[in-house]
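Me: Could you take a close look at one helix for me and walk me through how its residues are placed? I'd like to follow the reasoning as well as the result.

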Amino acid sequence: MTATLTKQKQLFTSESVSMGHPDKVADQISDSILDSLLEHDPQARAAIETLVTTGLVVVAGEVTVHNELANHALGRAEETIRDTIRKIGYDDATGGFDYRSCAVIRTLHSQSDDISQGVTQGEGLHSEQGAGDQGLMFGFACNETKALMPLPIHLSHRILEKLALIRESGEIPWLRPDSKSQVTVLYEEGRPVAIDTIVLSTQHTEEVVDSATGNMSAAAVKQLIEESIKPVVQRECANLWSDQIQFHVNPTGRFVIGGPHGDSGLTGRKIIVDTYGGRGRHGGGAFSGKDPSKVDRSATYMARHIAKNIVAAELAEQCEVQLAYAIGVADPVSVLVDTFGTGKVDGDKLEDAVREVFPLTPGGIIKHLDLLRPIYFETARHGHFGRELPDFTWESTAYADALRSKAGT
């Protein structure tokens, strides 16, 4: 669908998945290995794919490092993998997957010389760093929330973030790492006016299973609503909290078997969760396990950065930015800024301002956003966008004034 919502009443839904969801376990493993390399070698190249299932982790892909410390970190990949699984919360072998007992298979090779030549040398022997692959990337922002994110995905992420805090603190001891949330918002005239439905499914122990029904007890359902859903909605959009909201908490009844034992997980299978929950478009490229020379990651971060600054500058109520690249070529083959009729200045003028304010070559993006750092594990859970964390440089709105000036407002 397009990023804009029509001016009739309509419902829009977005979902999020927790750090313990099998696909997110895979994403975090890929990014934790990447971080371990970048810590010692900022120029490390990586495209790491992970598969997790019952008692097994398989890691494959390409890795190239340039010094002994990074090579040592690569040699310790299994230790990094197990530590990541422990941090996520899989520490009990009775659940079918845990950091101590799982088998680890790794098959990694160096980056193709043909690709490396294009990335390192760009269009010619002495030109700027080229894109690590061809492709198209999108970024989006809107003024529905303080984070300039669409409300459904923002609430979905924050609910699971709250649930994780409760689980990790031991406040609700029967929670387990795997969970999913989904929020449906009612829009009128393109603006959110009510929360229609909230779905929350979370893995749990047998402790809260009602012996009469075999399902999660009503008391446990109520506790989840009161402690993980209600505080988030009242904090983020208090005016939309209502007794009319429909709740579906563990709607299948029980969720004891979960995580990689309940379903296999793969890196890059939650690209819509990672971005805007279905609002706007997606270029198809995943993020986790990829170093910043891969424009699938770095250019998508820049596209979000640009769109967010445009909305923060009040040059548009919502904005989608598309960047596209050819492998080995530094400059983007196209730049598109779409404000869906909400823009305050001419579209051509806005695109010109974007090109003047933001560097759009891979090397320029990497430098501007300071991406050659071990910052990626945290991106692989609770969303890559919409969180004001110090390392998430793409969330900065420091260029809003410059955009206003260049756009002539």
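Reply: Happy to. In this predicted model, helix α2 covers residues 68-75, and Ala70, Ala73 and Leu74 are its buried residues. Viewed down the axis of α2, these buried residues fall within an arc of 100°, so they line one face of the helix. The general geometry helps here: an α-helix has 3.6 residues a turn, so residues three or four places apart point the same way.

What does that buried face pack against? The buried residues of α2 pack against two helices and two strands: α1 (22-38) and α3 (77-88), together with β3 (56-64) and β4 (103-109). Turn to the other side of α2 and you meet the exposed residues Glu68, Leu69, His72 and Gly75.

The start of α2 is worth a look too. There, Asn67 points a side-chain oxygen to within 3.2 Å of the backbone nitrogen of Leu69. Leu69 itself is one of the exposed residues on the other side of the helix.

For a comparison elsewhere in the model, try Lys294, in the loop between α8 (271-274) and α9 (295-312). Is Lys294 buried or exposed? Buried means under 20% relative accessible area, and Lys294 has 9% relative accessibility, so it counts as buried. Its side chain reaches the backbone oxygen of Ala46 at 3.3 Å.

Definitions and conventions
Residues numbered from 1 in each chain as written. Predicted model: local features only at pLDDT ≥ 70, side-chain atom pairs only at ≥ 80, totals over all residues. Heavy atoms only, no water. Helix = DSSP H or I, 4+ residues; strand = E, 2+ residues; numbered from the N terminus. Buried < 20%, exposed > 50% of the residue type's maximum accessible area, 1.4 Å probe, protein only. Polar contact = N/O pair within 3.5 Å; in protein donor to acceptor, adjacent residues only side chain to side chain. Arc of directions from axis to C-beta. Contact = heavy atoms within 4.5 Å.
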